[in-house]
Amino acid sequence: MDRRMHLVGKVALVTGGASGMGCGFAEALLKAAAKVCIADINVETGVATESDLRQQYGHENVMFSKCNITSATEFEAVFKRTKEAFGGIDIVVNNAGIGGETDENWEQTVDVNMKGTLRGLRLAMYYLSVEHGGRGGCIVNVASMTGLNPNPLSPVYGCTKAGIIHATRCYVVSEAAKKSNIRLNVLCPAFVDTPMFRRLAAGDATQTIGGDQTAVTAFIERIGVLSTEEVSVALIDILTDETRNGLILRCAKKTGNVYSTLTVQDV
Ligand SMILES: NC(=O)C1=CN([C@@H]2O[C@H](COP(=O)(O)OP(=O)(O)OC[C@H]3O[C@@H](n4cnc5c(N)ncnc54)[C@H](O)[C@@H]3O)[C@@H](O)[C@H]2O)C=CC1
Ligand SMILES: CCCCCC(=O)/C=C/[C@H]1[C@H](O)CC(=O)[C@@H]1CCCCCCC(=O)O
């Protein structure tokens, strides 16, 4: 039996899609002939990315929608607009996220990464569920390798990513997911060459605690850095292979892509 989900004509909503990994995901989806809404807080970059992608993949296949994922009103409006413009939603990639560990910005890290992603997850479950007019589909939440492994330089960021992994795990076993045939998986990349990564590599002290740039540099050298295209290949594999459900996909330059199960044995 063919277990491939064909992406032709499928509708995807990608948060944080104006730049970095999210922009790479949007482009990979468009190459596979899906339709994409990129939702992002950054209007200037969002509009520029929309224009660039429209030129390459067709005006009718791409839209940008301004959205701060910490705002319930803005986030809900993006789901509504995407459904109205493209006739439904099949794929949600909860990708938007930030780093920040200082006294001034750590709570914002929690608000965006944890509360924002939970909001996206709840909205995705609603819009994909058959009882609310959806048609099932696939949700991919972007966490990080730091959500799995202890990392002394970014405990807040790591906690938010661990939270995203656990939230995904809870929804995977939900009746709602089973009833509507909604697949949920979590992507855990190590370093990826994006604006966020470049700020970290350049010594942005607001992203880590301790300010030990030597440790950060050594860590980056040991782990290696993926391109956004490499992570996008991993995303497309999750989306197209319908047997992929309830999984963590670790992606790292030196160790490659490794799948493991999200669910644990019942006690
Ligand atoms: N770059 C890396 O090495 C890694 C990044 N990640 C995660 O991947 C995701 C994407 O990261 P990058 O592309 O590296 O970051 P980036 O900073 O390059 O891009 C993030 C995008 O999200 C948008 N964004 C930020 N806050 C937002 C908000 N409140 N509402 C809507 N959009 C918002 C930004 O405007 C930007 O376009 C994040 O969740 C990040 O934590 C995970 C592992 C590795
Ligand atoms: C294997 C870990 C990969 C981490 C990839 C990632 O999500 C990077 C995120 C950084 C973000 O810019 C804000 C941070 O605080 C993140 C992690 C910083 C990692 C430094 C690790 C140094 C060490 O543990 O020695």
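I will go through the sheet of this model and then through the surroundings of its two ligands. Please keep in mind throughout that what we have on the screen is a predicted model.

Let me begin with the sheet, which is open and has 8 strands, and whose order, if you want to follow along in the structure, is S3-S2-S1-S4-S5-S6-S7-S8, with mixed pairing. At the edges stand strand S3, residues 62-66, and strand S8, residues 256-261, and because each of these has a single partner strand, one side of each is left without a neighbour in the sheet. Going from one strand to the next, the twist averages 20 degrees.

Within that order, I would like to point out the pairing of strand S1, residues 11-15, with strand S4, residues 91-94, which is in the parallel sense and runs over 3 bridges. If you look for Ala12, you will find that its bridge partner in S4 is Ile91.

Against the sheet we have helix H5, residues 155-172, which lies across strand S5 (137-142), strand S6 (182-189) and strand S7 (247-252), and which runs at about 160 degrees to S6. Please remember this helix, since H5 is also one of the elements that give two or more residues to the shell around ligand 1.

That brings me to ligand 1, which has 30 residues around it, and of these Asp40, Asn95, Tyr157, Val192 and Thr194 come nearest. Which atoms should we look at here? For the side chain of Ser19, an N or O atom is 2.8 Å from an oxygen atom of ligand 1, and for Met21 a polar backbone atom is likewise 2.8 Å from an oxygen atom of the ligand. In the case of Tyr157, an N or O atom of the side chain is 2.6 Å from an oxygen atom of ligand 1. On its own, ligand 1 has 820 Å² of accessible area, and the protein covers 93% of that. Besides H5, the elements giving two or more residues to this shell are helix H1 (20-31) and helix H7 (195-201), and H7 gives the most, with 4 residues. By class, the shell divides into 18 nonpolar, 9 polar and 3 charged residues.

Turning to ligand 2, we find 15 residues around it, of which Ser144, Asn151, Ser154, Tyr157 and Gln207 come nearest. Tyr157 therefore deserves a second look, as a polar atom of its side chain lies 2.8 Å from an oxygen atom of ligand 2. For Asn151, the distance from a polar side-chain atom to an oxygen atom of ligand 2 is 2.7 Å, while for Ser154 the corresponding value is 3.5 Å. Of the 610 Å² of accessible area that ligand 2 has on its own, the protein covers 91%. As for the classes in this shell, there are 9 nonpolar and 6 polar residues, and no charged ones.

Note on methods:
Residues are numbered from 1 along each chain as its sequence is written. Chains are lettered from A and ligands numbered from 1 in the order in which they are written. This is a predicted model: local features need pLDDT of at least 70, side-chain atom pairs count only at pLDDT 80 or more; totals for chains, interfaces and linings use all residues. Side-chain values use heavy atoms; hydrogens and water are left out. Two strands pair if DSSP finds at least two bridges between them. Axes are lines fitted to C-alpha atoms, for helices over the stretch in contact, and angles run from 0 to 180 degrees between N-to-C directions. Contact means heavy atoms within 4.5 Å. A residue is near a molecule or strand if one of its heavy atoms lies within 4 Å of it. A polar contact is a pair of N or O atoms within 3.5 Å; within protein, one must be able to donate a hydrogen and the other to accept it, and residues adjacent in sequence count only if both atoms are side-chain atoms. Accessible areas come from the Shrake-Rupley method with a 1.4 Å probe; for residues, only the protein chains shown count as cover. Ala, Val, Leu, Ile, Met, Phe, Trp, Tyr, Cys and Pro count as nonpolar, Asp, Glu, Lys and Arg as charged, and the others, Gly among them, as polar.
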